[in-house]
Amino acid sequence: ALLTLLAAYMSQRMARSMIRPLNDLANSVSQLTPSERGMRLEPDSSDRALSGITQTLNSYLAEMDAFVRREQHLSAMASHELRTPLAIVGGAVDVMLEREKNDAANAKTLQRIKDAVERMSGSIDALMLLSRLATAATDAFPPVPVHDVLQSQSDEAASLIGAKDIRLTIEAVEPLTIMTDEQLLGILIRNLLGNAVKYTERGTVRLSSHHTEKQLELTVSDTGIGIDPMRHDSIFKEFTQLA
């Protein structure tokens with residue numbers, strides 16, 4: 001019995017001794033911060049197997065750093081290349097607006113072009129902000145009046161209705177501000193309203209908000225065709241397009 005207990009005790013000691021380096025490696029991995037570049041693991045020279053694993057993980061981290069830097073560079077380059085032609089288009093539209101100020105029809109069309117150019121410029125700025133900030137504290141953003149954003153986006157969505165028999169309404173919008181990027185909030189609401197108008201031939205598109213103690217709930221609802229129930233499980237997956 002004593003030999004059995006001694007063997008069990010020694011087995012536990014040996015198992016703990018063997019597992020400890022692996023636990024240390026797991027703890028080191030858990031302390032890595034995804035938003036920080038250049039982080040590496042310290043190799044354990046006392047264990048050849050774990051040292052090899054650590055070197056492999058460090059190689060993977062180096063490749064991820066290179067990938068992120070490449071994506072950031074491409075985003076910055078794309079932003080620069082898009083800003084220049086948009087600035088040219090915007091300037092040309094301003095000149096044409098001045099020339100056509102006495103022609104209401106042309107001025108209205110040119111103003112829509114100008115609004116689209118400004119929206120695209122704002123979207124580029126918002127996307128660049130996302131590429132720079134992996135995580136952003138809420139106090140890093142200015143206060144944004146939610147009602148103003150909802151109203152501006154609903155006015156823009158109204159131009160998409162065209163000949164459709166759709167009534168666009170804003171309900172129960174409480175006067176409040178939230179700390180966020182105004183362009184990103186506008187993109188979110190614009191996409192939801194755009195989809196609602198696109199898939200509704202007649203009826204109502206309703207935008208409503210509800211503020212609780214912990215969160216702001218924005219709801220866009222419509223009387224359109226809806227989503228196939230068989231595809232409900234996939235609508236929250238990244239980059240999913242149902243049509």
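**View A. The buried side of helix 5 in a predicted model.** In this predicted model, helix 5 tucks away Leu185, Gly186, Ile187, Ile189, Arg190, Leu193, Gly194, Ala196 and Val197, which are its buried residues. The helix covers residues 182-198, and its length checks out: 17 residues at 1.5 Å a residue should span 24 Å, and the end C-alpha atoms do sit 24 Å apart. Note that the buried list has an arginine in it, Arg190; that residue gets its own view below.

**View B. Helix 4 crossing helix 5.** Here helix 4, residues 146-161, runs past helix 5, with the two axes coming within 9 Å and crossing at roughly 35°. The crossing is right-handed. On the helix 4 side, look for Val149, Leu150, Gln153, Ser154, Glu156, Ala157, Leu160 and Ile161. They meet Glu182, Leu185, Gly186, Ile189, Arg190, Leu193, Gly194 and Val197 from helix 5. Sorted by class, this contact has nine nonpolar, four polar and three charged residues.

**View C. Arg190 and its partners.** Zoom in on Arg190, which belongs to helix 5 and is one of that helix's buried residues. What does Arg190 contact once its neighbours within four places in sequence are left aside? The list is Arg119, Ser123, Gln153 and Glu156. With Gln153 there is a polar contact, side chain to side chain, at 3.4 Å. Both Gln153 and Glu156 also appear among the helix 4 residues that meet helix 5. For a sense of the backbone spacing here, take Ala157: its C-alpha is 7.2 Å from that of Arg190, although the two residues are 33 apart in sequence.

**View D. Ser123, on helix 3.** This view moves to helix 3, residues 104-132, where Ser123 is found. Is Ser123 buried or exposed? Its relative accessibility is 16%, and buried means under 20%, so Ser123 counts as buried. Not counting residues up to four places away in sequence, Ser123 touches Gln183, Ile187 and Arg190. Ile187 and Arg190 are both on the buried list for helix 5. Another helix 5 residue to pick out is Gly186, whose C-alpha lies 8.9 Å from that of Ser123 across a sequence gap of 63 residues.

**View E. His147, on helix 4.** Back on helix 4, this close-up picks out His147. With 33% relative accessibility, His147 counts as partly exposed. Ile170 is 23 residues away in sequence, and the C-alpha atoms of the pair are 9.5 Å apart.

**View F. Helix 2 along its length.** Helix 2 has 52 residues, and from first C-alpha to last it reaches 77 Å, close to the 76 Å expected at 1.5 Å a residue. Its buried residues are Leu50, Ser51, Thr54, Asn58, Leu61, Asp65, Val68, Ser79, Leu86, Gly90, Val93 and Leu97. Asn58 is the one to follow into the next view.

**View G. Asn58 reaching for a backbone nitrogen.** Asn58 has its place in helix 2, residues 48-99. At 15% relative accessibility, Asn58 counts as buried. Where does the side chain of Asn58 reach? It goes to the backbone nitrogen of Leu41, at 2.7 Å. Setting aside residues up to four places away in sequence, Asn58 touches Arg40 and Leu41.

**View H. Stepping back to the chain.** For orientation, the protein chain has five helices and five strands. Read from the N terminus, the elements go α-α-α-β-α-β-β-α-β-β. Of the 243 residues, 23% are buried. Take the contacts between residues at least 6 apart in sequence: 63% of them join residues at least 24 apart. The touch between Ser123 and Arg190 shown in View D is a handy example to look at.

Technical notes. Residues are numbered from 1 along each chain as its sequence is written. This is a predicted model: local features need pLDDT of at least 70, side-chain atom pairs count only at pLDDT 80 or more; totals for chains, interfaces and linings use all residues. Side-chain values use heavy atoms; hydrogens and water are left out. Helices (H or I, at least four residues) and strands (E, at least two) are DSSP runs, numbered from the N terminus. The expected span of a helix is 1.5 Å times one less than its number of residues. Buried means under 20% relative accessible area, exposed over 50%, partly exposed in between (1.4 Å probe, protein chains only). Axes are lines fitted to C-alpha atoms, for helices over the stretch in contact, and angles run from 0 to 180 degrees between N-to-C directions. A crossing is left-handed if the near helix is turned anticlockwise from the far one by less than a right angle, and right-handed if clockwise. Contact means heavy atoms within 4.5 Å. Ala, Val, Leu, Ile, Met, Phe, Trp, Tyr, Cys and Pro count as nonpolar, Asp, Glu, Lys and Arg as charged, and the others, Gly among them, as polar. A polar contact is a pair of N or O atoms within 3.5 Å; within protein, one must be able to donate a hydrogen and the other to accept it, and residues adjacent in sequence count only if both atoms are side-chain atoms.
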